[in-house]
Amino acid sequence: MRIALVSDTHLGFAHRTEREGDAFTQFKQAAEMIGRLQPDLVLHPGDFFDEKIPLQETWHEAFEILSMFYKAPASEVKITQYQREGHSTPFLFHGIPVVAIAGTHEYRGRDYKNALQVLQSAGFLACLHASSVEVRKGEEHVVIQGLSGVPEKHARDALVAWNPVPQKGAHNLLVLHQSIEEFLPVDDDMTATIGLKDLPSGFDLCIDGHLHWTSVTDLPQGGSLLVVGSTVLTQAKNLESKKPKGFYIYDTQTRALDFHEIPVQRRLFYHKFSFKNASAEEVLQAVEEAIGQDLKTPLELKPIIRLKLTGTLSTGLSAADVSVESLRDKYAEKALFSLSKHFSMESFKHRMEELRELQKERASVAKIGMALLERNLAQTGFNNAFDVQRVFDLLADKDLDIVIKVLGEMPVGEGLDGAEPKSGVGGV
């Protein structure tokens with residue numbers, strides 16, 4: 001049996017933006033290719049839609065794509081859907097059948113119907129949640145068990161409570177839509193409660209949606225885990241920049257997984273810069289050089305250039321002083337930009353230390369200035385004719401009018417031994 005695996009299509013993504021059509025056009029390309037390959041079944045591991053309550057325009061896109069499977073030549077498979085209560089019902093379909101689970105974007109509480117349940121009611125697909133479908137083609141027998149996406153903090157508990165068990169004598173597939181601990185980058189803000197060790201044993205292939213980059217991993221408990229990846233860029237993560245978007249065809253007899261790349265797709269360039277005491281000019285130069293390299297080869301669609309700036313800046317500079325936005329405006333006709341600036345607080349701490357040192361130096365300079373003033377006055381036969389500290393403080397505060405008044409109140413010749421003031425003293 002040949003099964004098409006396509007995931008995280010996110011219909012409705014980026015509504016009313018320049019990227020509004022990406023999810024639809026790229027999913028449609030995948031659907032057209034799947035139709036030509038004529039698999040026995042299409043399996044979708046969640047996030048069919050981007051919103052839990054799709055717009056009417058998004059529903060229109062969904063019906064247009066699903067109709068491509070609905071109108072395809074009839075598949076030879078027979079499908080029975082098993083509900084959680086243990087009762088089975090036949091899944092009536094036309095063309096190539098579609099089996100799916102809801103993703104986290106479609107998640108709604110038990111008191112509400114999610115968007116995929118609506119599509120199931122219309123006969124477009126079979127939606128699984130802690131339930132399964134049995135698929136037969138001739139003598140071949142495949143059982144697909146699926147758990148729709150749940151909030152990550154409850155994912156492991158939900159999996160344990162469901163406790164799926166592979167069926168003897170069948171080719172067993174397990175479908176989830178959750179984060180996996182081992183696959184999350186260290187600097188990623190996503191969370192996970194399920195690890196590879198938590199996946200049940202005995203399944204020929206575990207299939208996971210949710211993560212938008214593709215990977216295949218052998219499991220220590222047997223079988224493999226396939227992360228299908230998405231058909232559209234939504235998260236702009238580093239791993240997505242390394243692999244193209246597409247879908248898989250899985251052969252249950254040979255266990256071969258063949259990846260098929262979507263022909264026209266928006267490309268992602270990901271750059272993470274780490275600066276040390278950099279000037280604004282150095283940051284802008286490094287960023288512009290990277291942009292220039294990205295845009296060397298003409299692309300059919302504007303690429304997304306993800307810029308992540310970290311590190312420290314020169315003394316006195318803050319993130320606001322680095323106007324990368326000017327480059328975004330400069331290349332607006334050639335690329336779309338995603339920008340984050342997270343310069344370390346070390347630069348701020350460094351500046352605070354400098355301020356403290358300057359404060360100390362200022363006190364030291366004040367002492368030196370006072371000593372010089374007293375020494376120069378001593379050379380005039382000053383004899384403490386006025387309060388030197390008071391005059392010095394007034395000079396430091398630039399209160400010149402008061403200084404002149406204080407000096408003007410001195411008796412003529414007092415403290416100066418009748419001599420004329422020396423240059424630089426009486427003219428203070």
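## Basis and overall make-up

A residue is called buried here when its relative accessible area is under 20%, exposed when that area is over 50%, and partly exposed in between. The structure is a predicted model.

The protein contains 10 helices and 17 strands. Of its 428 residues, 48% are buried. Among the contacts with a separation of 6 or more, 68% are between residues 24 or more positions apart.

## Helix 2 and its surroundings

Helix 2 covers residues 56–70; at 1.5 Å a residue, its 15 residues should span 21 Å, and the 20 Å between its end C-alpha atoms agrees with that. The buried residues in helix 2 are Thr58, Trp59, Glu61, Ala62, Ile65, Leu66, Ser67 and Phe69. An α-helix has 3.6 residues a turn, so residues three or four places apart point the same way. The buried residues of helix 2 pack against helix 1 (22–37), strand 2 (41–44), strand 5 (98–101) and helix 3 (115–121).

Threonine 58, which lies in helix 2, has a relative accessible area of 8% and is therefore buried. Not counting residues up to four places away in sequence, threonine 58 touches Leu11, Gly12 and Phe49.

## Helix 1 against helix 2

The axes of helix 1 and helix 2 are 9 Å apart and make an angle of about 10°. Angles under 35 degrees count as roughly parallel, so the two helices are roughly parallel to each other. On the helix 1 side, the residues that meet helix 2 are Phe24, Phe27, Lys28, Ala31, Glu32 and Ile34. Their counterparts in helix 2 are Glu61, Glu64, Ile65, Met68 and Phe69. Of these helix 2 residues, Glu61, Ile65 and Phe69 are also among the buried ones.

Helix 1 also lies across strand 1 (2–5), strand 2, strand 13 and strand 14, and runs at about 25° to strand 13.

## The six-stranded sheet

An open sheet is formed by 6 strands in the order 6-5-2-1-13-14, with mixed pairing. Strand 6 (126–128) and strand 14 stand at the edges; each has a single partner strand, so one side of each is left without a neighbour in the sheet. From one strand to the next, the twist averages 25°.

Both senses of pairing can be followed in this sheet. Strand 2 and strand 5 pair in the parallel sense over 3 bridges, and valine 42 has valine 98 in strand 5 as its bridge partner. Strand 13 (residues 246–251) and strand 14 (residues 257–261) pair in the antiparallel sense over 5 bridges. Tyrosine 248 stands opposite phenylalanine 259 in strand 14. The hairpin of strand 13 and strand 14 has 5 residues between the strands, and arginine 255 in this hairpin takes a positive phi near 65°.

## Salt bridges

Side chains of opposite charge can pair when their charged atoms come close. The structure holds 12 salt bridges. In one of them, lysine 137 pairs with aspartate 40, with the closest N and O atoms 2.9 Å apart. This pair links distant parts of the chain, 97 residues apart: lysine 137 is in strand 7 (residues 131–137), and aspartate 40 is in the loop between helix 1 and strand 2. Lysine 137 has a relative accessible area of 25% and is partly exposed, whereas aspartate 40, at 8%, counts as buried.

Arginine 156 forms a salt bridge with aspartate 198, the closest N and O atoms being 3.1 Å apart. Arginine 156 is in helix 4 (residues 152–162), and aspartate 198 is in the loop between strand 9 (171–176) and strand 10 (205–208), so the pair also links distant parts of the chain, 42 residues apart. Arginine 156 is partly exposed at 38% relative accessibility; aspartate 198 is buried at 17%. Salt bridges that share partners join Arg19, Asp22 and Arg266 into one network. Within that network, the closest N and O atoms of aspartate 22 and arginine 19 are 3.6 Å apart, and both residues are buried.

## Proline 303

Proline 303 sits in the loop between helix 6 (280–294) and strand 16 (304–313). Its relative accessible area is 3%, which means that proline 303 is buried. The C-alpha atoms of proline 303 and arginine 267 are separated by 4.8 Å, although the two residues are 36 residues apart along the chain. Leaving aside neighbours within four places in sequence, proline 303 is in contact with Arg266, Arg267, Phe269, Leu295, Lys334, Ala335 and Leu336.

Notes. Residues numbered from 1 in each chain as written. Predicted model: local features only at pLDDT ≥ 70, side-chain atom pairs only at ≥ 80, totals over all residues. Heavy atoms only, no water. Helix = DSSP H or I, 4+ residues; strand = E, 2+ residues; numbered from the N terminus. Expected span 1.5 Å × (residues − 1). Buried < 20%, exposed > 50% of the residue type's maximum accessible area, 1.4 Å probe, protein only. Contact = heavy atoms within 4.5 Å. Salt bridge = Lys/Arg side-chain N within 4 Å of Asp/Glu carboxyl O. Pairing = 2+ DSSP bridges. Axes fitted to C-alpha atoms, helices over the stretch in contact; angles between N-to-C directions. Parallel < 35°, antiparallel > 145°, perpendicular 65-115°, else oblique.
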